[in-house]
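Here is my note on the model, point by point. Please keep the structure open as you read.

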Amino acid sequence: MNMLNKAIGSPSGLVISTDAGKGIDGTVTKVFSNGVEHRECMRHLVKNFQKRYRGEVFERNLWPAARAYRKSTFQRHYNEMNEACPAAMKWLANNHKLLWARSMFSHSSKCDYCTNNIAECFNSCVKDDKSLLVIDLMDKIRQMIMERFCTRVRIAEKLTGKILPRVMKDLHEKSRNLNFSITKCTPMIGEVGGVNKDLIPWRFTVDLERRECNCGAWQMTGLPCVHGIAFIGTRRVDLEDFVDKYYSVEKFKAAYASYVCPLPDKTQWEPVNTGFKLLPPLLKRAAGRPRTRRIVGVEEGGSGTKRRQTYKRCGGLGHLQKTCNETVLDPDAPPPAPAKKRRRTKPKVVDLGPLKTDASKGKKKATKPRVVYVTEDNQEDEPETEEQPTMEGDPTMEQPTMEEQ
């Protein structure tokens, strides 16, 4: 933060948007002065909040409270969550003290971003160069910024008019099919009313001289809201005259008037004695190839756990139609698959060897029967028992005489 302050200073209207990292809130306040506004990314706040508190009341009110421009709308959503779970709001007040709702933002920056997703756009541009060394990575970023400035300079040479064409295109699209009722108090002040999708009437006051609307969007963004656009349409004035100077062509040209100086390769750099030698950290390399892709969270559309397939017929998990035995009340559904029959094996004596004669004593002795295991079908729900072959009661086996015994 000290190096960032050395590079950009503390200009008026500066906004720094960060996540909920430890130590960042106190560091920004300590390093930057001149009333620099510090905001917290709402996406990271919701991610930390959902680890402890979940429910329909938070899904219905947490994001609308952050996006509301008016304090009354924010307070209505906040009170509904506070009545449902006071402990959640107490935890939110103790752990997230930074600005995270639009109704808390100042009007000097003309920026209503409640997330820092613009940083993710930058990360997407340098994702292929993150594995480089620090000096090489910074050199790639310098080249990227140098080309971006050159492109914007060529665009600025072709621009004409007061306001950027892209901004005016968006405003003209908003001005279509605005069926609002307008009541004028003075030629520049009046009321704009209508009915929302739930057939609930609403009404806001518009002041064209001060460029303000009671909804709060005009003051926050610097662009006329739909209520102000509807009121401007009743007068013979130019819509460009009511857009803030932040979106002017003059400001755009001034922002990219400078350029980034080119540099030769590292072999032509002047040697600098830093007074110390920086060694790499002692890290143990993990097994396998290093990960290059970022793990996408559940709130971003990723899957936090291993996906389990759901069967459409019964809604169950972990099985398919062939093995589904669940009862479904739908009369048009196909019948369940029959249960598979289990085959059991049962030993059976099928052959007995002939009597062998002992040549030395001239006596006959019975050999042990050979047991052959034969698979028998339709042996369901029968206990598996092993029949021990016996010589008694078997007519096919000759009983030895007393002399043979």
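1. **The β3-β4 hairpin.** β3 and β4 form a hairpin, with 2 residues between the strands. This is a predicted model. The two strands run antiparallel and are joined by 5 bridges. β4 covers residues 189-195, and β3 covers 181-186. One bridge pairs Thr186 with Ile189 in β4.

2. **The β4-β5 hairpin.** A hairpin also links β4 and β5, this time with 5 residues in between. Their pairing is antiparallel over 7 bridges. Val195 has Pro201 in β5 as its bridge partner. Look at Leu199 in the turn: its phi is positive, about 60 degrees. Most residues other than glycine have a negative phi.

3. **The whole sheet.** What is the strand order in this open sheet of 4 strands? The order is β3-β4-β5-β6, and the pairing is antiparallel. β3 and β6 stand at the edges. Each has a single partner strand, so one side of each is left without a neighbour in the sheet. Strands of a sheet pair through backbone hydrogen bonds.

4. **The β6 edge.** β6 spans residues 212-213. It pairs with β5 (residues 201-207) in the antiparallel sense, over 2 bridges. Asp207 stands opposite Glu212 in β6. Arg211 is found in the loop between β5 and β6. Its phi is near 55 degrees, a positive value in a residue other than glycine. Arg211 is partly exposed, with a relative accessible area of 34%.

5. **His227 and the annotated span.** UniProt, in an unreviewed entry, lists residues 204-236 as "domain: SWIM-type". That span is 36% helix and 18% strand. Its end C-alpha atoms lie 21 Å apart. His227 lies in helix α11, residues 226-232. Is His227 buried or exposed? His227 has a relative accessible area of 9%, so it counts as buried, the cut-off being under 20%. Leaving out residues up to four places away in sequence, His227 touches Val192, Trp202, Phe204, Val206, Cys213 and Cys215. Val192 belongs to β4, given as residues 189-195. Trp202, Phe204 and Val206 fall in β5, residues 201-207. Cys213 is in β6, residues 212-213.

6. **Cys261.** Cys261 lies in the loop between α12 (249-255) and β7 (345-351). It is partly exposed, with a relative accessible area of 48%. Which residues does Cys261 contact, leaving aside its neighbours within four places in sequence? They are Arg142 and Met146. Arg142 is 119 residues from Cys261 along the chain. The C-alpha atoms of these two are separated by 9.1 Å.

7. **The N-terminal strand pair.** β1 (residues 15-18) and β2 (residues 37-40) pair in the parallel sense, over 4 bridges. Val15 has Glu37 in β2 as its bridge partner. β1 has a covered face, made of Ile16 and Thr18. Its uncovered face carries Val15 and Ser17. In a regular strand the side chains alternate between the two faces of the sheet.

8. **Aromatic rings.** The count comes to 10 aromatic pairs. In one of them, the rings of Phe49 and Tyr53 have their centres 5.6 Å apart and their planes at 35 degrees, so the pair is tilted. Ring pairs link Phe49, Tyr53, Phe58 and Trp91 into a cluster. Phe49 is buried, with a relative accessible area of 1%. Elsewhere, the charged end of Arg39 sits over the ring of Phe105, 3.8 Å from its centre.

9. **Lys110.** Lys110 is found in the loop between α6 (86-95) and α7 (117-125). Its phi is near 55 degrees, a positive value in a residue other than glycine.

10. **The chain overall.** How many helices and strands does the chain have? It has 12 helices and 10 strands. Buried residues make up 25% of the 405 residues. The chain exposes about 30800 Å², and carbon and sulfur atoms supply 52% of that area. Of the contacts with a separation of 6 or more, 53% come from residues 24 or more positions apart.

Notes:
Residues are numbered from 1 along each chain as its sequence is written. This is a predicted model: local features need pLDDT of at least 70, side-chain atom pairs count only at pLDDT 80 or more; totals for chains, interfaces and linings use all residues. Side-chain values use heavy atoms; hydrogens and water are left out. Buried means under 20% relative accessible area, exposed over 50%, partly exposed in between (1.4 Å probe, protein chains only). Contact means heavy atoms within 4.5 Å. Accessible areas come from the Shrake-Rupley method with a 1.4 Å probe; for residues, only the protein chains shown count as cover. Two strands pair if DSSP finds at least two bridges between them. Rings of Phe, Tyr and Trp (its six-membered ring) pair if their centres lie within 6.5 Å; planes under 30 degrees apart count as stacked, over 60 as edge-to-face and the rest as tilted. A charge sits over a ring if NZ of Lys or CZ of Arg is within 6 Å of the ring centre and within 35 degrees of the ring normal. UniProt positions are given in the numbering used here, feature names are shortened, and annotations may be inferred rather than shown by experiment.
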